[in-house]
Amino acid sequence: MGRPVARRLYAGLATMALAAATGAVLTMPQASAATGGATGYATQNGGTTGGAGGQTVRATTGTAIHAALCGRASSSTPITIQVEGTINHGNTAKVSGSSCNTAAGVIELKQISNVTIVGVGSGAVFDQLGIHIRQSSNIIIQNVTVRNVKKSGSPTSNGGDAIGMESDVRNVWVDHTTLEASGGESEGFDGLFDMKDNTQYVTLSYSTLRNSGRGGLIGSSETELSNGFITYHHNLYENIDSRAPLLRGGIAHIYNNYYVKLNESGINSRAGARARVDNNYFKDSKDVLGTFYTDAAGYWQVNGNIFDNVTWSAPGSENNPAGPNPKSNTSVTIPYSFTLDAANCVPDVVTRTAGANKGLQVSDGSCSPQTPDPTPDPTDPTPDPTDPTPDPTDPTQPSGTNLSLGAGADGTSKASGTSYGNVRDGDLNTYWSPAGSTGAVSVKWGSATAVSKVNIREVAGSSGKIGSWRVVNGDTGAVLTSGSGAGVIQFPTTSLRKITFEITGSTGAPKVAEFETYAG
């Protein structure tokens, strides 16, 4: 799928050459230090603050970036690295230390946390050099350009991904970046923004992705479904063949993006993925939303989008376009506050704000760019403006992050057509039911997690079916508490890797829609 983007790229380069020849000037504002605060799903699961509160250092080479990481007291010591200049293979070497795990030929953010990388001064360009995030958390990348990263040819870096995340990554905010290639897979390039192998709570905002065969993906295969809770907002996708993005499982919120020249397909929701698609503007594109190249269906909720000169292919066994009249086939509840720009002004506000070296401007929610406060107070109790049509909030439900979202699940038995995983997917329409009148379902994590409250939510129409129950520490078998009836259950804070809800009595067939867990 590399040829269409390559053909269109040459036209864009010709336009730039003409501008230079005729003396046209393209202004580029000075880059500034990290500003604003995280948005979207990156605000959940404890939030994303990067290197806030730590030392600030300056780097002009990839080796200096690695040295800054390796010079910290520990792998979690906060640090902000201000980058200026061109970072390439020639100035990026491996650096060793107890607080880092770096490699040559790539910016390696591996097994670390609490890091901000921000372009400053005249700007930061990672030329043919990718940024790789692995087994890391609380990372911010802001105001940088990453271009022409290859997986084949020479030189190669990061498997051909401009920014790639894999293996137990949590809480990453990528903001005001420019990610670009010079063709598709046949020209040696891969994805611009890829996430796989248990990557969660990520936001891509105010960024430009262009001239690539592949925009990006969530999940590397139809069976690799451990990723999710990703937000894409106020991004410009331009001259992309496909994967804008490709979603395999998980939940994504996609709003106020401007899509121009999606040549083959756009938002590809498959393998059970659920995408909420709000107030985007699609122009001069094909098959911008649906399930493509597979029979493993995905789902979408659509609100307020504009389709301007969009064409749609005919449905087939491995082709299910949402159009020509896209309608919702699922519902997705968003746990954070957000403000929607009207779709008809998205082309203007995104063109003016998205990408590196745009002064880090953001929309004010009324289609006008503004520069955010450079020193936001993360403890400010004043909430952000909310979606003008927010999801209803039940005041009886617990506050805080539902720790079950994205966790694992298992149990003792399940009725035909139900699944253990349904109790931690955030969807009140799916459920687990035991094979008989009693049974147990568990939520589990890869590391010890503090829990003091659970909320058992029954499927609508099945309330009152759950009778007596026990909440059990799945690590030790100790009973944390017992009682009867669904709802909020509290007990002393316990650190554990697995928690079990055991139904010991019921009336009819109990149906557990959600087994929510909370720290407090």
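Modeller: Helices here are DSSP runs of H or I with at least four residues, strands are runs of E with at least two, and both are numbered from the N terminus. This is a predicted model, in which local features need pLDDT of at least 70 and side-chain atom pairs count only at pLDDT 80 or more, while totals for chains, interfaces and linings use all residues. Residues are numbered from 1 along each chain as its sequence is written, and side-chain values use heavy atoms, with hydrogens and water left out.

Biologist: What does the secondary structure of the chain come to?

Modeller: By those runs, the chain has three helices and 34 strands.

Biologist: Why are Val346 and Pro347 in helix α3 called buried?

Modeller: Buried means under 20% relative accessible area, exposed over 50% and partly exposed in between, with a 1.4 Å probe and protein chains only; Val346, Pro347, Val349, Val350 and Thr353 of α3 (residues 346-353) count as buried. Across the chain, 55% of the 520 residues do.

Biologist: What covers the buried residues of α3?

Modeller: The cover, judged by contact (heavy atoms within 4.5 Å), includes β16 (236-242), β19 (258-262) and β22 (281-286), together with β27 (362-363) and β28 (369-370).

Biologist: What makes a set of residues a nonpolar core?

Modeller: Its members are buried Ala, Val, Leu, Ile, Met, Phe, Trp, Tyr and Cys residues joined through side-chain atoms within 4.5 Å. The largest such core has 64 residues, and those with the most contacts inside it are Phe126, Phe193 and Tyr232. Apart from it lies another core of 23 residues, including Val423, Ile489, Leu496 and Phe515.
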